[in-house]
Amino acid sequence: MGKKEKGKPNPLGEVSRDYTINLHKAVHKETFKRKAPRAVSHIVRFAQKNMLTEDVRVDPQLNEAVWKTGIRNLPRRIRVRLQRKKKEEDDGKGKYYTLAQYVPVETFANLKTEITKVQ
């Protein structure tokens, strides 16, 4: 078993994961008029960190789910599917991008991170 080379990211390939993101913790003590934009940018930062890509694309349904009750009344938690996909075009910033999609759920009780391979 060899060691991982320093400075090189772990090659994930194409993968899909479902995460629960706690937005309430992310926008705590934030001004009312900045809560929803800060929540969307938190989702983007979360996707960059966990999927190891710089290019993150937010699905319109996810954006609508965050903004559903206005700029200041956010859902406390949100379920997000992050899919790491290969880029069709070559524009310089890596070979992969992440697509963040909304996953509607009834309750957040006993939900774990689910990892699936993309076909």
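**View 1. Five strands of this predicted model form an open sheet of mixed pairing.** The strands, which are DSSP runs (E, at least two residues) numbered from the N terminus, follow the order β2-β4-β3-β1-β5, where two strands count as paired if DSSP finds at least two bridges between them. Because β2 (56-58) and β5 (114-117) stand at the edges with a single partner strand each, one side of each is left without a neighbour in the sheet. From one strand to the next the twist averages 25 degrees. The model is predicted, so that local features need pLDDT of at least 70 and side-chain atom pairs count only at pLDDT 80 or more, while totals for chains, interfaces and linings use all residues. Residues are numbered from 1 along each chain as its sequence is written, and side-chain values use heavy atoms, with hydrogens and water left out.

**View 2. Strand β2 meets β4, and a helix packs on the sheet.** Three bridges join β2 to β4 (residues 96-102), the two running parallel, and Arg57 stands opposite Leu99 in β4. Helix α2 (helices are DSSP runs of H or I, at least four residues) touches β1, β2, β3 and β4 (contact means heavy atoms within 4.5 Å), and its direction makes about 135 degrees with that of β1 (axes are lines fitted to C-alpha atoms, for helices over the stretch in contact, and angles run from 0 to 180 degrees between N-to-C directions).

**View 3. Val66 lies in contact with several residues.** Not counting residues up to four places away in sequence, Val66 touches Leu23, Ala36, Ala39, Val40, Ile43, Leu74, Pro75 and Ile78.
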